[in-house]
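Student: Please give me a close look at one proline in a loop and at the peptide bond that precedes it, and then set that part against the rest of the fold. I would like one connected account rather than a list.

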Amino acid sequence: MKKNALTRRQFVARGSAAVAGVAFAGAALADDKPATIGSGAYTFELVPGWGGEPEANRFLMGCGIVVDSKDRIYVHSNANKCMFVFDRDGKVVNDWGTEWAAKGHGLYWHKEGHDEFLYYSVLGPYNRIIKTDLSGKIVMQIGKDLEKTANSAPFNFNMPTDVAIAPNGDIWVCEGYGGNMLHVFTKKGEFIRTVGKPGSGPGEFKTCHGIWVDTRKGEPEIYVADRHNDRLQIFNMGGELKREVKNGIVRNPCCFYQVKDKLYIPDLDHRVTIIDKDDQPVAQLGDGKTLDGKENITDFTFKTPHALTVDSRGDMYVVEWVQNARLRKFRHVKAA
């Protein structure tokens, strides 16, 4: 038996079908094979020990995780040294801290021409969106207590939790822990509009925690993880509501990551869901809840997945909203 294989007793398959044909969390039970989650094209195998022991890396609650053009993985937490950068093998190649580390939350990678940048949403008392290069050097800020300059713009954010960049350069920000609204800016930080308000009706938010500019259908759409309304809401670029996704497809969605024509959604309520262009689930992975609602957390299930990213080979990296961030890499297993 391989060293990273689980026994039948150690792993219990999770998941309940929202539609027929969905690949749900499962384990390879044959004694000569390692356990996996998912099935078919959405099969993933845990890479034991990737990134080293979390305690050694001094993570403090898993906030964000992104991958750059060279498949380096950036892991963001609330620790004083808020960023660790890993290569594909899990070796630390860089790290840094900031004055606002304990209040950093969302993380977004964006390529602009030949250059690559990181965007952070930073909670109060800072209440800012901060853009840095890949080494952590600040190149632009939008937010509280800032003066208008070439690389900064004042705006009175109320607890921004995530940020995303549209193809035209517009910056979309959601205030999931405060205002429960979306705000849109030009790439230079100039305010354009506000979208939505607190509430549970169409176009209203109750913890609009994550945001993504989806490009799978040609015309960009804005996906919002309306976490405590247990749904996704999708808007056009003008801020008009187009549709909702609910009915159990998501529970408490956190944020998004687009991979070709699929959208990966880490769900704070124990699982990862993958949806297609029609907003239908094709996989729900690693469900850490039993059918009767009890927790069953193992190496191959999730407790509170807060963010994820997928590299160029299809491998998935997940951090969770727990003390040590529970950083894990799941290698994509190609379907036979």
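Tutor: A residue is called exposed when its relative accessible area is over 50%, and buried when that area is under 20%. The model is a predicted one, and by the first of these cut-offs P125 counts as exposed, because its relative accessibility is 53%. P125 lies in the loop that links strand 9 (115-122) with strand 10 (128-133), and the peptide bond leading into it from G124 is cis, with an omega near 10°. As a general rule, most peptide bonds are trans. Although P125 is exposed, the residue has contacts beyond its own stretch of chain: once residues up to four places away in sequence are set aside, P125 touches K103 and K144. There is also a spatial relation to a part of the chain further along, for the C-alpha atom of P125 is 8.3 Å from that of M159, a residue 34 positions away in sequence.

Two other loop residues deserve a place beside this one, on account of their backbone angles. D71 has a positive phi, near 60°, and is not a glycine; D71 sits in the loop between strand 4 (62-67) and strand 5 (73-77). K260 likewise has a positive phi, near 55°, and is not a glycine either; its place is the loop between strand 23 (257-259) and strand 24 (262-267). In general, most residues other than glycine have a negative phi. The surroundings of the two residues can be set side by side: D71 is buried, with a relative accessible area of 9%, whereas K260 is exposed, at 76%.

The fold around these loops contains one helix and 29 strands. Of the 336 residues in the protein, 59% are buried, and of the contacts with a separation of 6 or more, 45% are between residues 24 or more positions apart. The protein exposes about 14,200 Å², of which carbon and sulfur atoms supply 48%.

The loop that holds D71 joins strands 4 and 5, and these strands belong to an open sheet of four with the order 4-5-6-7 and antiparallel pairing. Strand 4 and strand 7 (92-96) form the edges of this sheet, and each has a single partner strand, so one side of each is left without a neighbour in the sheet. From one strand to the next the twist averages 15°. At one end of the order, strand 6 (residues 83-86) and strand 7 run antiparallel and are joined by four bridges, and F86 has V92 of strand 7 as its bridge partner.

A second open sheet of four strands has the order 19-20-21-22, again with antiparallel pairing. Its edges are strand 19 (208-214) and strand 22 (241-245), each of which has a single partner strand, so one side of each has no neighbour in the sheet. Neighbouring strands here are turned by 20° against each other on average, direction ignored. Between the edges, strand 20 (residues 221-226) pairs with strand 21 (residues 231-235) in the antiparallel sense over five bridges, and I222 stands opposite F235 of strand 21.

As for the interior, the largest nonpolar core has 77 residues, and I142, I171, W172, L182, L232 and M316 are the ones that touch the most other members. A second, separate core contains 14 residues, including W100, L118, Y120 and I130. Returning to M316 in the largest core, its contacts beyond four places in sequence include I37, F44, Y264, V272, L285, L308 and F330, and among them are also R328 and K329.

One last matter concerns the cysteines, since a disulfide is in general a covalent bond between the sulfur atoms of two cysteines. The count of disulfides in this model is zero. C63 takes part in none, and the nearest cysteine sulfur to its own, that of C82, is 8.9 Å away. Seen from C82, the closest cysteine sulfur is that of C63, and the 8.9 Å between them is too far for a bond, because a disulfide needs the two sulfur atoms to be within 2.5 Å. C63 counts as buried at 2% relative accessibility, and C82 is buried with a relative accessible area of 0%, whereas P125, where this account began, is exposed at 53%.

Technical notes:
Residues numbered from 1 in each chain as written. Predicted model: local features only at pLDDT ≥ 70, side-chain atom pairs only at ≥ 80, totals over all residues. Heavy atoms only, no water. Buried < 20%, exposed > 50% of the residue type's maximum accessible area, 1.4 Å probe, protein only. Contact = heavy atoms within 4.5 Å. Areas by Shrake-Rupley, 256 points an atom, 1.4 Å probe, with all protein chains shown as cover. Core = buried A, V, L, I, M, F, W, Y, C linked by side-chain atoms within 4.5 Å. Pairing = 2+ DSSP bridges. Axes fitted to C-alpha atoms, helices over the stretch in contact; angles between N-to-C directions.
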